[in-house]
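Dear colleague,

Please find below the structure I promised to hand over, with its sequence. My notes on what was found in it follow directly after.

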Amino acid sequence: MQLFRNFKSVTKTCYGRGSFGKLGEILEPQRTANEGFMVFVVDDYFEDKPDFVQRIPEQEGDEIHFISTLEEPTTELIDKLRDDILSRRGLPAGIVGIGGGSVMDVAKAASLMFTNAGSSVQYQGLNLIKEPGIYHAVVPTISGTGAEVSMTAVLTGPVKKLGLKCDWTVCDQILLDPDLIATVPQDQWFYTGMDTYIHSVEAITGTKKNTFAEAYSEKALEMCREVFLGLDRSDPKSDELLMVASYMGGLSLTYSEVGVCHALSYGLGKVLHIHHCIANCIAFDKLEDVYGAYVKEFKGMVAQRGVHIPQGLAKEWSEETINAMAEVAYDLPHMWDHAFGPDWRKVLDRERIKGWYRRM
Ligand code: NAD
Ligand code: ZN
């Protein structure tokens, strides 16, 4: 293991039941910057939930934009949102994302694109952003992706599905209120929750594993076991554990890497537009040859929670589709390097990748 990353962390973290009520107070000192208004991007699930919308600390001049999560965020969505707000109002004081990984990524990406000219397409990748973005905060309403702590904002562009990844992507503020995730539907709760389980597994089962990543990962795994194998979901402790597990699983990756499951998941996402977390579950379910006992444990969680992991999908896929997904996956050398070491090309070719897809 030789990694020597020098990473930035989230500047401020507020955690606790009811902490959403503190958001107004938290934003107050930020409001004098630029044109002095805040932009709230909010999952459109909440659009017809007036009790929730009333709690958003919107002041005169602020804007609320409801964001659909039917599709994962695209470069086009970010460019349009930025152009619209800049042309009408100028530069906001800050942007706040309230929702899941999709909406958090919209807030993170938009904060950067407010100050970096041109299309977000040209910034998909590592350290391509030239100027720091505006103040940005996120409030997760579903837990598992770790987008609240990561240094990337994943966008689907015309060519790549790839994040705007740099130190400035990391949030200035996160607010973790376990009350907010209570309403997540059961299947989605499981799929997104499993993202942190899989992050934690992948972080410590590869050549880049290290004590730092293990510390976060092992705690996140322990919390996932309580949430998905132990507690009743109605137990208040369950949402508290899952919210912190998401954070810990995210941090486990900060000083390690994702592996085989995420590489295959990117293929499913890019070619078939299958959303990240369910795509991970579809792939992880078939990776017993790589992740052994963890896959057995995953299947136990699936059985215990009675959730549906799609099966038999490959029957409907043409060779062309499988080739295209294998190409996307093969083109992620940092993941394969982590999974199998620098000589990964000796143990992995496109045929092996296609074999995994054919099992799904
Ligand atoms: P999501 O944001 O796509 O939302 C999933 C569903 O849950 C949506 O239908 C949404 O409306 C619903 N939902 C959210 N909160 C709810 C609530 N409180 N009650 C009821 N329904 C609620 O879900 P996700 O799984 O958190 O995020 C997936 C996205 O995150 C993908 O776009 C993926 O690329 C991205 N991602 C980013 C990172 C990162 O580090 N930036 C990491 C992993 C995944
Ligand atoms: Zn993930």
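In this predicted model, the shell around ligand 1 takes at least three residues from domain 1 (12-180) and at least three from domain 2 (186-359). The shell comprises 27 residues, of which G101, S102, S150, T183 and T192 come nearest to the ligand. By character, they divide into ten nonpolar, twelve polar and five charged residues.

Three polar contacts of ligand 1 may be of interest to you. A nitrogen atom of the ligand lies 2.8 Å from an N or O atom in the side chain of T141. A polar backbone atom of T152 is 3.0 Å from a nitrogen atom of ligand 1. An oxygen atom of ligand 1, in turn, is 2.8 Å from a polar side-chain atom of T192. The protein buries 91% of the 870 Å² that ligand 1 exposes when taken alone. Two or more shell residues come from each of α4 (101-113), β7 (152-156), α5 and α9; α4 gives the most, with four.

The second ligand is a zinc ion. Its protein donors belong to D195, H199, H262 and H276, at 2.1 to 2.8 Å; D195 is listed twice through OD, and each histidine donates through NE2. The donor residues follow the spacing D-x3-H-x62-H-x13-H in sequence. Because H199 sits in helix α5 (residues 186-204) and H276 in helix α9 (residues 276-284), this pair ties together parts that are 77 residues apart in sequence. H199 is buried, at 4% relative accessible area, and H276 also counts as buried, at 16%.

With kind regards

Conventions. Residues numbered from 1 in each chain as written. Chains lettered and ligands numbered in written order. Predicted model: local features only at pLDDT ≥ 70, side-chain atom pairs only at ≥ 80, totals over all residues. Heavy atoms only, no water. Donors = N, O, S within 2.8 Å, 3.2 Å for Na, K, Ca; no water. Buried < 20%, exposed > 50% of the residue type's maximum accessible area, 1.4 Å probe, protein only. Near = heavy atom within 4 Å. Polar contact = N/O pair within 3.5 Å; in protein donor to acceptor, adjacent residues only side chain to side chain. Areas by Shrake-Rupley, 256 points an atom, 1.4 Å probe, with all protein chains shown as cover. Nonpolar A, V, L, I, M, F, W, Y, C, P; charged D, E, K, R; others polar. Domains from an automatic or database assignment.
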